[in-house]
Structures are given as C-alpha cells and as structure tokens.
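Let's take a walk through this protein, starting with one helix and then moving on to the pockets. Keep the 3D view open as you read.

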Amino acid sequence: MGGDEFIIILTELDGDVDQAVEKARKGADNIRNYLSSPCRIEGYEMHITPSIGVSLFPKQGKGTDDILKQADAAMYKAKAAGSNEIRFFLPSMQKAADEKLRLTTDIRRALLNEEFAVWYQPQVNSSGDLLGAEALIRWHHPERGIIPPGTFLSIAEETGLMWDIGQWVLNATCQQISRWSRDGLLVKPMVISVNISAKEFSAPAFVQAVRTALDSNGADPNHLGIELTEGSLVSTGKDIIEKIITLRQLGIKFSVDDFGTGYSSLNYLQTLPLNTLKIDRSFVNRIKDGTQDVVLVDTIIMMAKNLGLEVIAEGVETALELDYLSRKECTIYQGYYFCKPVEVGTFTTMLRSGSCKM
C-alpha cells in the first residue's frame, strides 16, 4: 500500500468470531516473528520492528475501504504502543481516528482564519508584582468554543503542523512585546516566554525564524524568552549549544520547563547556557513536610542556585506551597494562587499597574 505498509489477507479463519480472532492473532504473531528476525547487511546486524493492525471481515455495512481504514487505525495504535506490537481494531479507535482527522482539518482552517489567540500567565514575586509571563496558545473554535492546547498540540505535532503553530505564537508574542515596549509597559528584566517543541528547535531554520520574528515586529530580544522541555535538551541534536549561544547573544533568555520530570542530566545543565529552571507543577502541588517531593524541590532550588540559574515554581496553588518555596529562597512563582492565564487586554492592564492583583 506504500513504501513501508503492506496488507495481508488471511482467509477462512473460522465461522466463530472468537476462534477467528485467535487464529488471526497467531497469524499476525508469526508474521511479526519472521519480520523481527535479525538479518545481516554488509556486516551489520539489522532488526525490523513491525507494527501490525488487524481488522476482521465481513462486517455489516462495511466495504473494502472501511476495512482497510480500520486495519490502518489499529496499526497506528500498535505504533503508539511502541512498535513491534499487534492491535485489533476497536470502534473507539475509529472514533479517535475520525476525531484526529477532523481536528487536523480544523487546525489548518484555524491558522488561515486567525482563530488562535495568545494568553499570558503572569510570573510574580510573593507580593504579586509582575516579573514576566508565559505565553500560552488558546484556540477560539467557532463551534466548540475555547479549546485548551492539550487537546490539539499533540495532533499538530503528529501531523507536521507544529511548526506553523509555533511560528504563529512566536510572531504574535513578538508583536505584543513590541507594542508593550512602545507603550513603556515592559521594563527590564521582564521576559515574555514562548514554549518551543523539540521538533521546532531542531529545525535548521529555527534560529533564522526567531530573528525574522523579532526584526519584522521590531521586538526587543531582551524581553523574549524561550522555554524548552527537559526532553528537548536530549533530543534536539548536537547543535543545541550553538543555537542557544547564538540566540542568547541577541539577548534572548532560555529556561527549562517542567524541570524534575527525569530526562536531563547534570552534564546538560552544566554545559548548556541556560538562564532559568522551572520546577514541575507535579512536585510543587505535593509540597508537604517530610515527603519525597519536598526533597526534590529542595534539590532543584539548591542545584539552580549552585549553577547560577534563576528558579521559577510552576503551578503554585496554595499559601502552604508559597510559604515553603519562599523559605527555601525560591522567589518567582507562576500559578493559580496568583493568577490564571489571561487574555492580552487583561494582561496589558496588569502591566500598567505592575501587579497581577486587579
């Protein structure tokens, strides 16, 4: 069916569905075992890890195309499980596949129709004074209302639309930085940070794209921050240091988002020219004296201090969390205890007052 997709039809399995399923499973397992056997090419031992999706037929009201789509949906479920897997089609898979296709189409339309918006979550000190913000995308869907990023960004990543969305957010943020600077609302060292995925950052055109966004909008790079996840530090290739250094020379700040989730090593922290560590909200939200989470929070704060990095606590929701973090000398906070993400107009009002307290 394609460069690396094949269809095998197993006939006359059984009149009983359960028996047919078992025979199909055995057949798929045999195929997987044969394909997984090592082979040698020019002295190298190579391994194939196939993903196999299975759909049974005949089915009432389902034609050839339907059966192939179902097998394809099951195959992608097998891929998502980690490859070298076998999955049978379930109705829920088709529903998920249909939803994914619909969202993909809607995302393309949303980019053309300017349905996306950037909201801002303030970063503050213990008194609620503004120190910066994180730019967060929101989707104003014409039928569904506001769609949170967790619903569509993973699909954008899978379908190759993440670059387009990321560039839109970057340009919108730079445009807003320029406006706020022109109105005298952004003062140093205030930074507005955008989240950048590993695929975006690893793209050869990324550095030039950032330069273009800054130049075309007349934005001061000293007010722009880039947030990378821990996974990005590991997966973006050897030129990561060169890219960060190049962009830092412009004045851009770099932070590691969701720090503490287990991907990074001390070597990366010592090698990369970073500015800030952001403590993952899952640790902050479980702050209780004597728990393992407190040990991790303490360690991250101490590590950041020893490396000369700022530290921001994400997801601060209670006075208890704020009090503990403050006593440990973490002085920058982001979370619902102070303010939820807000639209650009509301954040502009906050900038005018210098505080997230409205």
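In this predicted model, have a look at helix H4, which covers residues 149-158. Its buried residues are Pro149, Phe152, Ile155 and Ala156. If you look down the axis of H4, these buried residues fall within an arc of 150°, so they line one face of the helix. The spacing helps make sense of that: an α-helix has 3.6 residues a turn, so residues three or four places apart point the same way. Now turn to the other side of H4, where you'll find Gly150 and Glu158 exposed. After H4 comes glycine 160, with a positive phi near 80°.

H4 also turns up in the lining of the second largest pocket, giving two or more residues to it. Strand S6 (130-141), helix H5 (162-182) and strand S10 (253-259) are among the other elements that do so. This pocket has a volume of about 780 Å³. It has 31 lining residues, and Leu153, Met162, Asn195, Thr229 and Asp257 lie nearest its centre. Sorted by class, the lining has 13 nonpolar, 9 polar and 9 charged residues.

What about the largest pocket? It holds about 1200 Å³ of space and is lined by 39 residues. Nearest its centre lie Phe6, Ile7, Ile8, Ile52 and Gly53. Helix H1 (17-36), strand S3 (52-54) and helix H2 (64-80) each supply at least two residues of this lining, with H2 giving the largest share, 7 residues. Here the classes come to 24 nonpolar, 8 polar and 7 charged residues.

Definitions and conventions
Residues are numbered from 1 along each chain as its sequence is written. This is a predicted model: local features need pLDDT of at least 70, side-chain atom pairs count only at pLDDT 80 or more; totals for chains, interfaces and linings use all residues. Side-chain values use heavy atoms; hydrogens and water are left out. Buried means under 20% relative accessible area, exposed over 50%, partly exposed in between (1.4 Å probe, protein chains only). Helices (H or I, at least four residues) and strands (E, at least two) are DSSP runs, numbered from the N terminus. The arc is that of the directions from the helix axis to the C-beta atoms. On a 1 Å grid over the protein atoms alone, a cavity is a set of points where a 1.4 Å probe fits but cannot get out, and a pocket is an open set with protein on both sides within 12 Å along at least five of seven lines; lining residues have an atom within 4 Å of a point. Grid points are joined across faces, edges and corners, and a volume is the space filled by probe spheres set on the points. Ala, Val, Leu, Ile, Met, Phe, Trp, Tyr, Cys and Pro count as nonpolar, Asp, Glu, Lys and Arg as charged, and the others, Gly among them, as polar.
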